[in-house]
Amino acid sequence: AAPAIADGPATAFVRPHEFAAAPAGSAGLPVTLRRVQRTGALIAMEATTQDGSIVEAALQAVPPGLSPGSALVLVPLAVRAYSA
């Protein structure tokens, strides 16, 4: 079990391999794909959120037909939170 943190500002962290991809409109973090590259068994991608933050993910599968500029949703499978 993760240690408890105090109420207040925090930062969430998700490791790149702890995301799944879902079609745009699904629940999760909406992003726009910037770059995608197959690296062995994983698909490395770089995307931007609506506020311009860059997110890197390493996925086992992605929805078909994705290319730079495509909208999709990244679904965190495990999230770690740290006090700010």
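A nonpolar core here is a set of buried Ala, Val, Leu, Ile, Met, Phe, Trp, Tyr and Cys residues joined through side-chain atoms within 4.5 Å. Buried means under 20% relative accessible area, with exposed being over 50% and partly exposed in between (1.4 Å probe, protein chains only). The model is predicted: local features need pLDDT of at least 70 and side-chain atom pairs count only at pLDDT 80 or more, while totals for chains, interfaces and linings use all residues. Residues are numbered from 1 along each chain as its sequence is written, and side-chain values use heavy atoms, leaving out hydrogens and water.

**The chain overall**

The protein chain has zero helices and seven strands, so to speak a run of β-β-β-β-β-β-β from the N terminus on. Both kinds of element are DSSP runs numbered from the N terminus: helices are H or I with at least four residues, strands are E with at least two. Along the principal axes, the C-alpha atoms fill a box of roughly 45 × 30 × 20 Å. Of the 84 residues, 25% count as buried. Contacts (heavy atoms within 4.5 Å) have a long-range slant: among those with a separation of 6 or more, 61% are between residues 24 or more positions apart.

As for the outside, the accessible surface comes to about 5400 Å², and 56% of that belongs to carbon and sulfur atoms. These areas come from the Shrake-Rupley method with a 1.4 Å probe, and for residues only the protein chains shown count as cover. The chain has 5 positive and 5 negative charges, and their mean positions are 10 Å apart. Lys and Arg are the positives, Asp and Glu the negatives, with His and the chain ends not counted; each charge is placed at NZ of Lys, CZ of Arg, CG of Asp or CD of Glu.

**The core and its strands**

The largest nonpolar core has 11 residues: Val14, Phe19, Val31, Leu33, Met45, Ala47, Val55, Ala57, Leu59, Leu72 and Leu74. Strands S3 (29-39), S4, S5 (54-59) and S6 (71-76) each put in at least two of them, and S5 gives the largest share, three residues.

Take Ala47 first, a core member in strand S4. Its relative accessible area is 0%, so it is buried. Leaving aside neighbours within four places in sequence, Ala47 is in contact with Val31, Thr32, Leu33, Arg34, Ser53, Ile54 and Val55. The C-alpha atoms of Ala47 and Leu33 are 4.3 Å apart, with their positions 14 residues apart in the count along the chain.

Leu33 itself belongs to strand S3 and counts as buried because its relative accessibility is 2%. Outside the four places either way in sequence, Leu33 touches Met45, Glu46, Ala47, Leu66, Ser67, Pro68, Gly69, Ser70 and Leu72. Pro9, on the other hand, is 24 residues from Leu33 in sequence and 28 Å away in space, C-alpha to C-alpha.

Val55 is another core residue. Apart from neighbours within four places, Val55 is in contact with Phe19, Leu29, Met45, Glu46, Ala47, Thr49 and Leu74.

Two polar residues of S4 deserve a mention too. Glu46 lies in that strand and, at 14% relative accessibility, counts as buried; beyond four places in sequence, its contacts are Thr32, Leu33, Arg34, Arg35, Ile54, Val55 and Glu56. Thr49 is in S4 as well, which spans residues 42-49, and is touched by Leu29, Pro30, Val31 and Val55 with the same four-place neighbours set aside.

**How covered are they?**

| Residue | Relative accessible area | Class |
|---|---|---|
| Thr49 | 14% | buried |
| Arg80 | 22% | partly exposed |
| Val79 | 51% | exposed |

**Toward the C-terminal strand**

Val79 sits in the loop between S6 and S7. Not counting neighbours within four places, Val79 is in contact with Ala12, Phe13 and Val14. Val79 and Phe19 are 60 residues apart in sequence and 9.6 Å apart in space, C-alpha to C-alpha.

Arg80 is in strand S7 (residues 80-83). With neighbours up to four places away left aside, Arg80 is in contact with Thr11, Ala12, Phe13, Arg15 and Glu18. Which side chain does arginine 80 join through a polar contact? That of Glu18, at 2.7 Å. A polar contact is a pair of N or O atoms within 3.5 Å; within protein, one must be able to donate a hydrogen and the other to accept it, and residues adjacent in sequence count only if both atoms are side-chain atoms. The C-alpha atoms of Arg80 and Thr11, 69 residues apart along the chain, are separated by 8.3 Å.
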